[in-house]
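I'm opening a notebook page for a structure I haven't looked at before. I'll jot down what I look up, one topic at a time.

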Amino acid sequence: MATTRKIFIGLMTLLLALAFIPTHARAGEQLQKVTLRVDGLACPFCAYGLEKKLKRIKGLEKLDIKINDGVALLYYKPGAEIDEKVIDKKVKEAGFTPGKIEIENPASSSEKTASSSETDQKEAGK
Amino acid sequence: MKQARWNSIIANITFSLILLAASAVFAHEPLFGLGPHTVGQYVWEVESTMERGQEGWANEFDLIYGLSPNIALTTTLPYQFSRENESAGLGAVTLRGKYRFYRRDFRNGSDAFAFHAGIKLPGGKRAFANYGNSTDYFFALYFGRESRTRYAFADVRYLVRGSTRDLNRGNVWNFDAAYGIRPWRMEYLQPDLVLLLEALGEVSNRNTFGGRQDANSGGSGFSLAPGFFLSYRNVMLKGGVKFRVFQNLNGSQKKDRTEFLLAVDIHMPPFK
């Protein structure tokens, strides 16, 4: 009985410990930030489809869509692979046109700018 | 009695679908017309709309599939609710396809042109009196521009009505335009309101029966329809009222009455 009790307490302690292990980046670790321009994004209702497509990208930790700026901010886990082709594909499947991609590397203070395969569209008046 | 029970069950399911419907709308489109927008690739969507048209209250149930970002296929099942001395029942099924052949995306907006074609099949448990039990075809060309603050739509539609026995119903031309504004430029995950005003013109040819024109058919009309779209993330409430402003009907015909439309759309996530 005493042995069973010890095993039970040990298992519960282990489960509690596992529960407190963060599934996201630990404090102090910076997420890799990607700023993606998305053309054709005019309304919040439209943005839902874009959100659902982008959130399927492997390694994506957080997504923030800024409609007024016409960009989507993608936050990847540290060390995760950032595949621009996948990002482009997801945006197109959602029915929009991907634009310039800017990748911020937290390992160094410099920024790396990468152009997408699409030609940037001409800005029109609002 | 058994039939009445089935009708009641169908009506209840339809009302439930109104609340659970998924939206076909990736963007705001005219309420009483249509627009150039299509659904995303691999997307299945469902839309349910309650409206009071010329034949009374009805519910239209749309099932849409996105073959590609520019091609959408739609099946429409109309259900007419009972009205004075007439029982409720399913109407004729419509199948249609839309091809967005031009799209220009720019920052915070887009322009699009689309071609639309469809067929209304004969039959259904109860054919709407307005359509008759015939096979009809329609073709349409749409233009749409949307941005953070303004919307503009225009379309021309042509309905080719089939014949039923000796009755050959007149074809119909529709010419529509719409203009909308977004008073406040809200961000994602904030309530969003768009106000739209539609102008709808219609010219219909006379019917012929047994080779002779029916003097009490055909004519022209013009309507205005203010509407609104209120959305939050993936849920949209939209509604509108269509007023007949001008009407020139041949012979002796019942005047068109005001139409109402109210819909709740829920945008569902794509399969992949």
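These entries go from the overall picture to the two chains, their interface and a few single residues.

**Entry 1: how far to trust it**

I noted at the start that this is a predicted model. I looked up the scores for the complex and found an ipTM of 0.74 and a pTM of 0.75. For chain B, the average pLDDT is 81, and 82% of the residues score at least 70. I then went looking for the weak spots of chain B. In residues 8-26 the pLDDT is below 50, although the model gives this stretch 44 contacts beyond near neighbours in sequence. Residues 126-131 of chain B also stay under 50, with 17 contacts beyond four places in sequence. Note to self: where pLDDT is low, the predicted coordinates should not be read in detail.

**Entry 2: chain A in outline**

I went through chain A and found three helices and five strands. Reading along the sequence, I wrote the pattern down as α-β-α-β-β-α-β-β. Chain A has 126 residues, and 29% of them count as buried. I also checked how far apart in sequence the contacting residues of chain A are. Among contacts with a separation of 6 or more, 58% join residues 24 or more positions apart.

**Entry 3: chain B in outline**

Chain B is written mostly in strands: I found 17 of them and one helix. It has 272 residues, and buried ones make up 35%. For contacts in chain B with a separation of 6 or more, residues 24 or more positions apart account for 58%.

**Entry 4: where the chains touch**

How many residues of each chain are in contact with the other? I got 29 residues of chain A and 31 residues of chain B. On the chain A side, α2 (44-54), β2 (60-66) and α3 (84-93) each supply at least two residues. The helix α2(A) gives the most, with eight residues. I sorted the chain A side by type and got 13 nonpolar, seven polar and nine charged residues.

**Entry 5: the nonpolar cores**

Next I looked for the largest nonpolar core, which has 31 residues. Among those with the most contacts inside it are A:L36, A:V38, A:A47 and A:L74. Which elements give two or more residues to this core? From chain A I listed β1 (32-39), α2, β2, β3 (71-76) and α3, and from chain B β8 (150-160) and β12. The largest share, six residues, comes from α2(A). There is also a second, separate core of five residues, including B:L34, B:A112, B:A114 and B:Y142.

**Entry 6: A:L74 and its hairpin**

I picked A:L74 for a closer look. Leaving aside neighbours within four places in sequence, A:L74 is in contact with A:V34, A:L36, A:L54, A:L60 and A:L63. One of these, A:L63, stands opposite A:L74 in β3(A). I checked how β2(A) and β3(A) run, and they pair in the antiparallel sense over six bridges. Their hairpin has four residues between the strands, and A:G70 takes a positive phi near 70° there.

**Entry 7: one face of α3(A)**

Which residues of α3(A) are buried? I found A:I87, A:K90, A:V91 and A:E93. Seen down the axis of α3(A), the buried residues fall within an arc of 165°, so they line one face of the helix. These buried residues pack against β1, α2 and β4 (97-104) of chain A. After α3(A) comes A:G95, with a positive phi near 100°.

**Entry 8: two odd phi angles in chain B**

I reminded myself that most residues other than glycine have a negative phi. B:L189 has a positive value instead, near 65°. I located B:L189 in the loop between β11 (172-181) and β12 (192-204) of chain B. With 15 other C-beta atoms within 10 Å, B:L189 is partly exposed. B:R233 also isn't a glycine, yet its phi is positive at about 55°. I placed B:R233 in the loop between β15 (219-232) and β16 (235-249) of chain B. Is B:R233 buried, exposed or partly exposed? It is partly exposed, with 17 other C-beta atoms within 10 Å.

Key:
Residues are numbered from 1 along each chain as its sequence is written. Chains are lettered from A and ligands numbered from 1 in the order in which they are written. This is a predicted model: local features need pLDDT of at least 70, side-chain atom pairs count only at pLDDT 80 or more; totals for chains, interfaces and linings use all residues. A residue is buried if 20 or more other C-beta atoms lie within 10 Å of its own, exposed if 12 or fewer, and partly exposed in between; C-beta atoms are placed from the backbone. Two residues are in contact if their C-beta atoms, placed from the backbone, lie within 7 Å. Ala, Val, Leu, Ile, Met, Phe, Trp, Tyr, Cys and Pro count as nonpolar, Asp, Glu, Lys and Arg as charged, and the others, Gly among them, as polar. pLDDT is the predictor's confidence in each residue, from 0 to 100. A nonpolar core is a set of buried Ala, Val, Leu, Ile, Met, Phe, Trp, Tyr and Cys residues joined through C-beta atoms within 7 Å. Two strands pair if DSSP finds at least two bridges between them. The arc is that of the directions from the helix axis to the C-beta atoms.
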